[in-house]
Amino acid sequence: MIVITATVGFAPKALALEYNKEILVEADFSGRDLTDSSFTKANLRQSNFSHANLNGVSFFAANLESANLEGSDLRNATLDSARLVRANLTNALLEGAFAANARFDGAIIDGADFTDTLLRSDEQKKLCKLAKGTNPITGRDTRDTLFCP
């Protein structure tokens, strides 16, 4: 007797991966599902995370200088103490992210959605000087999600 089992429309969830303290300069994670993975204290300078699913990912104290996070899903991500200097966050979703003590100097945030993102007030003020655009997925204006005056 042969039993055939077919599963239609089943996409296995990616396993959470650990890249803690790794040196991953210029690594390409574009388009990947990295849900709940951990990059704690990793060096990710100039890495490509464009259009990646980074939901719930930990970038605690990670170096994301000049990283490409365009169109990425960073909802509920931990960005505490992360270095996002000159990072490209165009059209990124950061809803519910924890970004206390994160540095965003020179970041590109056009169309990024910061709804319910925990930021230091000085970083929020800096981001308001750069904020423009509307997120194509949520339809929210970047300035509104940052509570800019």
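Colleague: How many aromatic pairs does the structure hold?

Modeller: The model examined here is a predicted one. A pair of aromatic rings is described by the distance of the centres and the angle of the planes. In this structure, the number of aromatic pairs is eight.

Colleague: What kind of pair do the rings of phenylalanine 39 and phenylalanine 49 form?

Modeller: The two residues both lie in the segment before helix 1, so their pairing ties together parts that are 10 residues apart in sequence. The ring centres are 5.5 Å apart. Planes over 60 degrees apart count as edge-to-face. The planes of phenylalanine 39 and phenylalanine 49 stand at 90°, so the pair is edge-to-face.

Colleague: Are phenylalanine 39 and phenylalanine 49 buried or exposed, and which residues form the aromatic cluster?

Modeller: Phenylalanine 39 and phenylalanine 49 are buried. Both of them belong to one aromatic cluster. The cluster is made up of Tyr19, Phe29, Phe39, Phe49 and Phe59.

Colleague: What is the angle between the ring planes of phenylalanine 104 and phenylalanine 114?

Modeller: Phenylalanine 104 is buried, with a relative accessible area of 2%, and phenylalanine 114 is buried at 1%. Their ring centres are 6.2 Å apart. This pair is edge-to-face because its planes stand at 80°.

Colleague: Which cysteines form the disulfide?

Modeller: The structure holds one disulfide. Sulfur atoms must lie within 2.5 Å of each other to be counted, and here they are 2.0 Å apart. The residues that form the bond are cysteine 128 and cysteine 148.

Colleague: How many residues apart in sequence are the parts that the disulfide ties together?

Modeller: Cysteine 128 lies in helix 1, which covers residues 121-130. Cysteine 148 lies in the segment after helix 2 (142-145). The disulfide therefore ties together parts of the chain whose separation in sequence is 20 residues.

Colleague: Is the disulfide left-handed or right-handed?

Modeller: Both cysteine 128 and cysteine 148 are buried. The torsion about their S-S bond is about -95°. For that reason, the disulfide is left-handed.

Colleague: How many salt bridges are found in the whole structure?

Modeller: Side chains of opposite charge can pair when their charged atoms come close. One of these pairs joins arginine 83 to glutamate 65, with the closest N and O atoms 2.3 Å apart. A search of the whole structure gives a count of salt bridges equal to 10.

Colleague: Which residue of the salt bridge between arginine 83 and glutamate 65 counts as buried?

Modeller: A residue is buried when its relative accessible area is under 20%. Arginine 83 has 30% and is partly exposed. At 13%, the residue that counts as buried is glutamate 65.

Colleague: Where do the partners of the salt bridge between arginine 140 and aspartate 113 lie?

Modeller: The closest N and O atoms of arginine 140 and aspartate 113 are 2.9 Å apart. Arginine 140 is partly exposed at 32% relative accessible area, whereas aspartate 113 counts as buried at 0%. The pair ties together parts that are 27 residues apart in sequence, because arginine 140 lies in the loop between helix 1 and helix 2 and aspartate 113 in the segment before helix 1.

Colleague: Which residues are linked in a network of salt bridges?

Modeller: The side chains of aspartate 105 and arginine 103 meet in a salt bridge of 2.7 Å, N to O. Aspartate 105 is partly exposed, with a relative accessible area of 24%, and arginine 103 is partly exposed at 36%. Both belong to the network, which links Arg103, Asp105, Arg120, Asp122, Glu123 and Lys126.

Colleague: Which side chain does that of asparagine 88 join in a polar contact?

Modeller: Asparagine 88 is found in the segment before helix 1 and counts as buried at 17% relative accessibility. Beyond its neighbours within four places in sequence, asparagine 88 is in contact with Ala67, Asn68, Leu69, Glu70 and Ile108. The polar contact spans 2.6 Å, and the partner side chain is that of threonine 90.

Colleague: With which residues is serine 47 in contact, leaving aside its neighbours within four places in sequence?

Modeller: Serine 47 lies in the segment before helix 1. At 1% relative accessibility, serine 47 counts as buried. With those neighbours left aside, its contacts are Leu24, Val25, Glu26, Ala27, Ala67 and Asn68.

Technical notes:
Residues numbered from 1 in each chain as written. Predicted model: local features only at pLDDT ≥ 70, side-chain atom pairs only at ≥ 80, totals over all residues. Heavy atoms only, no water. Helix = DSSP H or I, 4+ residues; strand = E, 2+ residues; numbered from the N terminus. Buried < 20%, exposed > 50% of the residue type's maximum accessible area, 1.4 Å probe, protein only. Polar contact = N/O pair within 3.5 Å; in protein donor to acceptor, adjacent residues only side chain to side chain. Contact = heavy atoms within 4.5 Å. Salt bridge = Lys/Arg side-chain N within 4 Å of Asp/Glu carboxyl O. Phe/Tyr/Trp six-rings, centres within 6.5 Å; stacked < 30°, edge-to-face > 60°.
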